[in-house]
Amino acid sequence: GPLLYLVEMKPRRIEKGTAFIAEGTIEKGGVTFGLVADDEWKVQLHVRQTGDFSVVILAPDTRDYKVVFANNLVGMSLHNRVTLRRVGLVAAPSHP
């Protein structure tokens, strides 16, 4: 479907300020990246423009989140072509 979850990771504790990063290329379609807690998107970022992209999403609070990648398709086409080159979490800086 146009908003179908493509990847839904298991919930894990993520500290406030931890960055979720994703880099890749969209040839056609679009994708939404985000953090989900209690079955609700807490932070999301939509990428619909073709070409290379970089996404950085900061965790707003310390809690258990699922990292989710979902289709973000507009119009009648359900065709999506997205290549991810790098995906990960970068820990928030520690404060002494």
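Contact here means heavy atoms within 4.5 Å. The exercises below concern a predicted model.

**Exercise 1. Describe the surroundings of T32: where does it lie, is it buried or exposed, and which residues does it touch?**

Step 1. T32 is found in strand β4.

Step 2. The cut-off for a buried residue is under 20% relative accessible area. At 5% relative accessibility, T32 therefore counts as buried.

Step 3. Leaving aside residues up to four places away in sequence, T32 touches W41, Q44, L45, H46, V68, F69, A70, N71 and N72.

Step 4. One polar contact joins the side chain of T32 to the side chain of H46, at 2.8 Å.

**Exercise 2. Classify the ring pairs F20–F33 and F33–F69, and state which strands they link.**

Step 1. The search of the whole structure yields five aromatic pairs. For classification, planes under 30 degrees apart count as stacked, those over 60 as edge-to-face and the rest as tilted.

Step 2. F20 and F33 lie 6.0 Å apart, centre to centre, with 40 degrees between the planes, and the pair is tilted. This pair links distant parts of the chain, with F20 in strand β3 and F33 in strand β4, 13 residues apart.

Step 3. For F33 and F69, the ring centres are 5.3 Å apart and the planes stand at 70 degrees, so this pair is edge-to-face. Because F33 lies in strand β4 and F69 in strand β7, the pair ties together parts that are 36 residues apart in sequence.

Step 4. Both F20 and F33 are buried. The relative accessible area of F33 is 0%, and that of F69, also buried, is 6%.

Step 5. Ring pairs link F20, F33, F53 and F69 into a cluster.

**Exercise 3. Determine which residues touch the most other members of the largest nonpolar core, and which strand supplies the largest share of it.**

Step 1. The largest nonpolar core has 16 residues, and F20, F33, L35, V47 and V55 touch the most other members.

Step 2. At least two residues of this core come from each of β3 (19–28), β4 (31–37), β6 (51–58) and β7 (63–71).

Step 3. The largest share, four residues, is supplied by β4.

Step 4. As background, nonpolar side chains tend to be buried together in soluble globular proteins.

**Exercise 4. Locate Q49, decide whether it is buried or exposed, and give its separation from G17.**

Step 1. Q49 sits in the loop between β5 (40–47) and β6.

Step 2. The cut-off for exposed is over 50% relative accessible area. Q49 has 66%, and is therefore exposed.

Step 3. Q49 and G17 are separated by 32 residues in sequence and by 27 Å in space, C-alpha to C-alpha.

**Exercise 5. Characterise the chain as a whole: how many helices and strands does it have, and how does its radius of gyration compare with the globule rule?**

Step 1. The chain contains zero helices and eight strands, in the order β-β-β-β-β-β-β-β along the sequence.

Step 2. The radius of gyration is 14 Å, close to the 12 Å that the globule rule gives for 96 residues, so the chain is as compact as a globular protein of that length.

Step 3. The C-alpha trace spans about 50 × 25 × 15 Å along its principal axes.

Step 4. Of the 96 residues, 32% are buried. The accessible surface comes to about 6200 Å², and 52% of this belongs to carbon and sulfur atoms.

Step 5. Among contacts between residues at least 6 apart in sequence, 77% join residues at least 24 apart.

Note on methods:
Residues numbered from 1 in each chain as written. Predicted model: local features only at pLDDT ≥ 70, side-chain atom pairs only at ≥ 80, totals over all residues. Heavy atoms only, no water. Core = buried A, V, L, I, M, F, W, Y, C linked by side-chain atoms within 4.5 Å. Buried < 20%, exposed > 50% of the residue type's maximum accessible area, 1.4 Å probe, protein only. Phe/Tyr/Trp six-rings, centres within 6.5 Å; stacked < 30°, edge-to-face > 60°. Polar contact = N/O pair within 3.5 Å; in protein donor to acceptor, adjacent residues only side chain to side chain. Rg over C-alpha atoms; globule rule 2.2 N^0.38 Å. Areas by Shrake-Rupley, 256 points an atom, 1.4 Å probe, with all protein chains shown as cover.
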